[in-house]
Amino acid sequence: MDASLKMNGLADGQVLETRPARHVIRPSRAEAEMAVRTLIRWAGDNPDREGLIDTPARVSRAYEQWFAGYDEDPAEFLQRTFEEAAGYDEMVVLRNIRFVSHCEHHMAPINGRAHVGYLPRNRVVGISKIARVVDAFSKRLQIQEKMTAEIANTLEAELQPHGVAVVVEGAHGCMTSRGVHQSQVTMVTSRMLGLFRDEPRTRHQFLSAIGLAQASECGNLFP
Ligand SMILES: [Zn+2]
């Protein structure tokens, strides 16, 4: 296997695709609003009553914000890097990047935060760009495991650092508001690449920085 393929965490022959699916033909706004009317009726209410009359238009506009990530390519945010970092080669960590995503199984909201670390190799990226990568991937229909991997793989492929670490914590609306009604449960997913995967000390330093080192010491989390 090619070493560079191994490093970016992709399987043999797998290609990193950060752009949204092509060949999706979007319906018209009128069609989208009709679909919302159908769901209102499915819920058991009358879409023509006064309080609901503008709801299909509002929901369609809200979708444009919640799913804005389909119009963005996160890899593009990382194209501008700075090589003059005075030889800085220590860990860079962004904690508590808030996001709102939607699970692809129920289209219910996922409220969460992402923690991202990387070990620069000669070049660094503006920190707001890392938050934008998280934002763009979150504003698509997602499962948290996939989103975690997408963030890490994109940083790995575009920055080619010595390592990337991503931990995502999410509260899933489909679990907190329906089904088993577990209101306090959050899900934690992680992806460690390069030195974060190979060096326990580096991984521990990252987990300490984001306040999860204890979790890793007293359980099988992040072994
Ligand atoms: Zn769900």
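**Salt bridges, a five-stranded sheet and a mostly covered helix**

With a relative accessible area of 28%, aspartate 135 counts as partly exposed. This is a good place to start looking around the model, which is a predicted one. The side chain of aspartate 135 meets that of lysine 139 in a salt bridge, with N and O 3.2 Å apart. Lysine 139 is partly exposed too, since its relative accessibility is 23%, and the cut-off for buried is under 20%.

Stepping back to the whole chain, there are 223 residues, and 39% of them count as buried. The secondary structure adds up to nine helices and seven strands. The chain exposes about 13200 Å² in total, with carbon and sulfur atoms supplying 51% of that area. Among contacts with a separation of 6 or more, 68% are between residues 24 or more positions apart.

Back to the charged pairs: a search of the whole structure turns up eight salt bridges. One of them joins the side chains of arginine 37 and aspartate 48, at 3.0 Å from N to O. Because arginine 37 sits in helix α2 (residues 29-43) while aspartate 48 belongs to the loop between α2 and α3, this pair ties together parts eleven residues apart in sequence. Arginine 37 is partly exposed at 25% relative accessible area, and aspartate 48 gets that label as well, at 46%.

Another salt bridge is formed by glutamate 169 and arginine 113, whose closest N and O atoms are 3.4 Å apart. Here distant parts of the chain are linked: glutamate 169 comes from strand β6 (residues 163-172) and arginine 113 from strand β3, 56 residues apart. Is glutamate 169 buried or exposed? Its relative accessibility is 16%, so glutamate 169 counts as buried. Arginine 113, on the other hand, has 27% and is therefore partly exposed.

Both β3 and β6 belong to an open sheet of five strands, which runs in the order β5-β2-β3-β6-β7 with mixed pairing. At the edges are β5 (141-142) and β7 (187-194), each of which has a pairing partner on one side only. As a bit of background, the strands of a sheet pair through backbone hydrogen bonds, in either a parallel or an antiparallel way.

Strand β2 (residues 92-103) takes part in pairings of both kinds. With β5, the pairing of β2 is parallel and covers two bridges. Cysteine 103 has glutamine 142 of β5 as its bridge partner, while histidine 102 stands opposite leucine 141, also in β5. With β3, the pairing of β2 is antiparallel and extends over nine bridges. In that pairing, valine 100 faces asparagine 111 of β3.

Five residues lie between the strands in the hairpin of β2 and β3, where methionine 107 takes a positive phi near 60 degrees. Methionine 107 shows up again at the surface: along with Tyr63 and Trp66, it makes a nonpolar patch of about 290 Å². Tryptophan 66 comes from helix α3 (residues 55-66). With 38% relative accessibility, tryptophan 66 is partly exposed.

Further along, β3 (109-119) and β4 (124-125) are joined by a loop that holds asparagine 122. This asparagine 122 is exposed, as its relative accessibility is 62%. What does asparagine 122 touch, leaving aside its neighbours within four places in sequence? The contacts of asparagine 122 are Phe82 and Glu83. Between the C-alpha atoms of asparagine 122 and leucine 159 there are 9.4 Å in space, against 37 residues in sequence.

Leucine 159 is one of the buried residues of α5, a helix that covers residues 144-159. From its first C-alpha to its last, the 16 residues of α5 reach 23 Å, close to the 22 Å expected at 1.5 Å a residue. How many of the 16 residues of α5 are buried? The helix is mostly covered, with twelve of them buried. These include the run from Met147 through Thr148, Ala149, Glu150 and Ile151, and Gln144 is among the buried residues as well. In general, an α-helix has 3.6 residues a turn, so residues three or four places apart point the same way. Right after α5 comes glutamine 160, which has a positive phi near 45 degrees.

Notes
Residues numbered from 1 in each chain as written. Predicted model: local features only at pLDDT ≥ 70, side-chain atom pairs only at ≥ 80, totals over all residues. Heavy atoms only, no water. Patch = residues over 30% accessible without salt bridge, like charges linked within 9 Å, V, L, I, M, F, W, Y side chains within 5 Å. Areas by Shrake-Rupley, 256 points an atom, 1.4 Å probe, with all protein chains shown as cover. Salt bridge = Lys/Arg side-chain N within 4 Å of Asp/Glu carboxyl O. Helix = DSSP H or I, 4+ residues; strand = E, 2+ residues; numbered from the N terminus. Buried < 20%, exposed > 50% of the residue type's maximum accessible area, 1.4 Å probe, protein only. Expected span 1.5 Å × (residues − 1). Pairing = 2+ DSSP bridges. Contact = heavy atoms within 4.5 Å.
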